[in-house]
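Subject: Structure handover

Hello,

Here is the structure you asked for. Please open it first, then read my notes below.

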Amino acid sequence: MALFSGLLLAGGVIYALLVYGRDLPDYRQLADYEPPVMTRVHAGDGSVLAEFATEKRLFIPIEVIPKRVVHAFLSAEDKNFYQHPGLDFMGIARAMVMNVRNVFVGRRPVGASTITQQVAKNFLLTNEVSYERKIKEAILAFRIEKAFSKDRILELYLNEILFGYGSYGLAAAALNYFDKSVDELTLAESAYLAALPKAPYNYHPIRRKEAAIGRRNWVLGQMQENGYISKDAMQTAQAQPLDVRPRSAAANFRADYYEEAVRRHLARDYGTDELYGGGLSVRTSLEPRLQAIAEKAMHDGLIAYDRRHGWRGPITQRSIEGDWPSRLAAVPTMLGMADWQMALVHDVRAAGAVIGLVDGSYGFIPFDEMRWARRWLPGERVSQSPDDPADVLSIGDVIAVEPLPDQEKKTVLDRFVTDAGEPVGAVGSYALRQIPAVEGALVALDPHTGRVLAMVGGFDFAASQFNRATQAERQPGSAFKPFVYAAALEEGFTPSSLVLDAPFVIDQGEGQGKWKPRNSSNRFYGPSTLRLGLEKSRNLMTIRVAQFIGMDKVLGLANRFGLAQGMEPNLAHALGAGEVTPIDLTAAYAMLVNGGKKIEPSLIDRIQDRYGKTIMRNDQRDCPQCDATEWHNQAPPTLPDHRPQIIDPRIAYQVVHMLEGVVERGTGRRIRSVGIPLAGKTGTTNESFDAWFVGFAPDLAVGVFVGFDQPRSLGPGEEGSSAAAPIFRDFMAKAFEGEQGIPFRIPQGVRLVRVDAQTGVPARLGDQDVILEAFIPGTEPSGGDIAVLDGPGSLALDGRLRKGTGGLY
């Protein structure tokens with residue numbers, strides 16, 4: 001009988017192997033299995049900037065997992081893991097006995113799945129509850145055990161399973177529950193994580209804390225029973241509270257536009273599967289300190305512009321009767337609110353306005369904090385200043401407010417009572433705020449490498465993901481002029497060459513009428529130096545120069561600087577009628593200050609795969625000496641410079657020197673207050689649709705753009721000098737706070753000559769308005785006579801070469 005039963009059992013096993021062992025998934029694929037791992041993006045200082053993943057998982061090799069953590073999981077899930085062949089027959093027997101008992105007491109049946117079986121189910125099968133799936137799971141478990149080591153199976157298990165809290169794998173769970181790496185986990189924390197895979201949401205550390213502690217303590221008891229820990233260690237760990245610490249922010253700055261630009265780059269070059277599951281480690285060039293400064297400068301600058309152009313009215317209106325906090329809370333929060341709050345106006349009096357906040361408390365807006373709110377008029381115009389708070393606000397208005405500093409929160413609301421008839425005493429003081437309708441962009445990059453150090457693409461990423469720094473193609477206006485003047489210098493002009501500033505008319509062809517460009521001042525200044533033309537942003541001089549040298553020369557140079565795409569060889573493009581992105585225009589300016597070397601703006605320094613192998617490096621230069629582990633007084637390594645030279649460095653410096661004059665004496669005078677050597681150029685398009693300031697210090701190039709997404713005028717009196725330059729100024733002032741500015745580097749072959757700032761001729765003793773002008777030797781003015789020629793280096797009517805500054809009449 002026993003023999004017959006044994007044969008019957010063996011036959012059943014063979015039958016199950018034949019029937020259910022066919023068409024099973026190939027378990028050998030686990031040898032090359034790479035679980036989806038999150039891609040991590042790091043800032044330039046190494047801090048985590050962003051993580052991209054469908055399953056937030058960090059892979060951790062079994063070799064570096066502490067023994068106490070391994071013992072916790074074995075005690076919780078499979079104490080005989082290192083002894084059984086894939087199935088734990090003793091565990092199965094215990095489960096069968098227990099399940100018979102559970103039938104009579106009404107409890108759920110228990111399982112006896114080993115870690116190997118769970119690997120088979122999670123990796124190769126479905127979660128279907130059936131005897132067929134369990135048989136297939138058992139067969140695969142045997143096969144997996146024969147093919148792989150126990151450590152490999154355990155490694156797969158610990159890196160694959162879900163722990164709740166959006167955590168896949170042990171390493172992610174340690175970070176998300178306790179803000180620790182795996183090797184920092186305490187015994188109690190290890191036991192809690194080991195308790196989770198069975199039913200993560202049944203042991204939630206906050207919503208089901210008692211059950212979570214009970215399950216953790218059971219695991220600790222199992223560890224003591226299995227001989228992994230002492231009784232004292234168990235009791236000490238069981239007495240500890242279960243305190244989860246949400247993962248701390250990896251960075252204390254925001255770089256939403258930068259992160260999105262990086263994400264798009266990775267998705268384009270590596271595909272979405274690799275981006276969200278490939279475990280890439282991406283090192284960007286972003287500098288968190290500069291990014292924080294850029295965010296604040298752009299935020300404050302756009303608000304300052306918006307306040308100049310008036311109050312567009314409340315967000316909406318709500319009744320102040322009854323349960324007003326609920327009605328206020330139901331108002332959709334406007335995107336771009338950031339740290340501001342929604343408030344409901346309850347009373348308007350001569351001193352200001354009483355407001356109610358979402359939490360039911362009250363506050364006060366002093367009249368001084370709403371004096372800016374002149375009524376907005378079409379065309380970005382404004383009415384007269386308000387004489388009374390009632391000119392701005394009405395009872396029932398829903399508005400945005402910002403708390404004033406603590407020392408100002410001492411307003412007493414006399415004679416104001418709540419709905420319950422109770423008087424309100426001292427309350428916080430608030431300022432009236434308004435989300436700007438205007439947008440902008442700021443790019444800061446290293447002019448020597450093109451590495452983008454900071455980038456802001458708009459007022460608020462939550463309100464608009466459109467990145468104006470990289471995606472907005474706008475007319476640069478006068479910010480394009482430096483490249484016209486650079487082309488003129490290549491054609492023989494000098495900074496002291498005289499060009500006639502006078503009316504200019506050109507026939508645009510049949511039916512097109514005549515084009516009559518003008519200066520922004522509507523004045524004409526007669527013969528003026530090339531320097532003055534750039535410093536004062538003279539349109540007529542620029543057009544005359546461009547016509548003389550030819551627009552093909554201008555666009556040829558612009559093409560070298562990466563700016564000529566889509567531009568046509570007509571004179572309007574000399575005044576910036578083409579379209580560029582802020583990042584490309586900033587990079588072009590950077591090529592001027594770096595001595596005329598070609599660079600490409602870049603966001604990413606290096607990319608490594610999940611194994612640490614570098615698969616992309618932005619800097620391709622070889623440096624055999626850079627891997628020295630110690631210093632023995634050896635000379636620093638010399639890196640080769642492979643950047644193409646796109647313009648004579650002496651001419652590049654001449655343009656930089658003239659752009660310094662823009663800051664010292666020209667349209668960029670607002671920048672001078674920073675107090676360090678800076679250079680740059682304003683840009684304003686027709687009817688003030690676009691406002692720019694692009695400039696640089698010797699080692700930092702920055703571009704600022706301000707404009708409406710649907711182009712329209714920024715309003716009367718708004719130019720690059722008023723809308724964009726203050727943002728540039730504030731950024732540079734903070735970026736170089738506490739630092740000594742360094743002068744711009746002068747290349748070899750440049751001669752500095754004292755000249756009259758107005759005429760460009762060599763200065764004489766006693767002259768007052770004198771500057772140092774940069775010349776290429778042999779081109780400096782040689783006499784005191786001002787010669788206005790038909791062209792630079794041209795001959796006079798008698799055939800002799802004229803002395804003096806040279807120029808274009």
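How many salt bridges does the count come to? The count comes to 35. This is a predicted model, so please read every value as computed. I picked out three pairs, then some helices, a loop and a surface patch.

**Salt bridges**

Start with Asp690 and Arg474. They form a salt bridge, and their closest N and O atoms are 2.7 Å apart. The pair links distant parts of the chain, with the two positions 216 residues apart. Asp690 sits in strand β24, residues 690-697. Arg474 sits in the loop between β16 (452-456) and α14. Are these two partners buried or exposed? Asp690 has 5% relative accessibility, so it counts as buried, the limit being under 20%. Arg474 is buried as well, with a relative accessible area of 9%.

Next, Lys553 and Glu491. Their side chains meet in a salt bridge at 3.5 Å, N to O. This pair also links distant parts of the chain, 62 residues apart. Lys553 belongs to helix α17, residues 551-560. Glu491 lies in the loop between α14 and β17 (498-501). Lys553 is partly exposed, with a relative accessible area of 37%. Glu491 is partly exposed too, at 35%.

The third pair is local. Glu535 forms a salt bridge with Arg531, with 2.9 Å between the closest N and O atoms. Both residues lie in helix α15 (residues 530-535). They are 4 residues apart, about one turn of the helix. Glu535 counts as buried, at 2% relative accessibility. Arg531 is buried at 2% as well. The pair does not stand alone: Arg531, Glu535, Arg665 and Glu773 are linked in a network of salt bridges.

**Helices**

Which helices pack at an angle of about 135 degrees? They are α14 (residues 481-490) and α19 (residues 649-665), and their axes are 10 Å apart. Why do they count as oblique? An angle over 145 degrees would be roughly antiparallel, and 65 to 115 would be roughly perpendicular. The angle of about 135 degrees falls in neither range, and α14 and α19 are therefore oblique to each other. The crossing of α14 past α19 is right-handed.

Helix α6 covers residues 150-160. Of its 11 residues, 10 are buried, so α6 is largely enclosed by the rest of the structure. The buried residues include charged-type names you may want to look at in the viewer: Lys150, Arg152, Glu155 and Glu160 are among them. Ile153, Leu154, Leu156, Tyr157, Leu158 and Asn159 are buried too.

**A loop contact**

Thr581 lies in the loop between α17 and α18 (582-593). Thr581 is buried, with a relative accessible area of 8%. Thr581 and Arg468 are 113 residues apart along the chain. Their C-alpha atoms are separated by 7.7 Å.

**Surface patch**

Which residues make the nonpolar surface patch? Ile746, Leu752 and Leu772 do, and the patch is about 250 Å². Leu752 has its place in strand β26 (residues 751-756). Leu752 is partly exposed, with a relative accessible area of 35%. Patch residues need over 30%, so Leu752 passes that cut-off.

Best regards

Terms used:
Residues are numbered from 1 along each chain as its sequence is written. This is a predicted model: local features need pLDDT of at least 70, side-chain atom pairs count only at pLDDT 80 or more; totals for chains, interfaces and linings use all residues. Side-chain values use heavy atoms; hydrogens and water are left out. Patches are made of residues with over 30% relative accessible area and no salt bridge: like charges are joined within 9 Å, nonpolar side chains (Val, Leu, Ile, Met, Phe, Trp, Tyr) within 5 Å. Accessible areas come from the Shrake-Rupley method with a 1.4 Å probe; for residues, only the protein chains shown count as cover. A salt bridge is a side-chain nitrogen of Lys or Arg within 4 Å of a carboxyl oxygen of Asp or Glu. Buried means under 20% relative accessible area, exposed over 50%, partly exposed in between (1.4 Å probe, protein chains only). Axes are lines fitted to C-alpha atoms, for helices over the stretch in contact, and angles run from 0 to 180 degrees between N-to-C directions. Angles under 35 degrees count as roughly parallel, over 145 as roughly antiparallel, 65 to 115 as roughly perpendicular and the rest as oblique. A crossing is left-handed if the near helix is turned anticlockwise from the far one by less than a right angle, and right-handed if clockwise.
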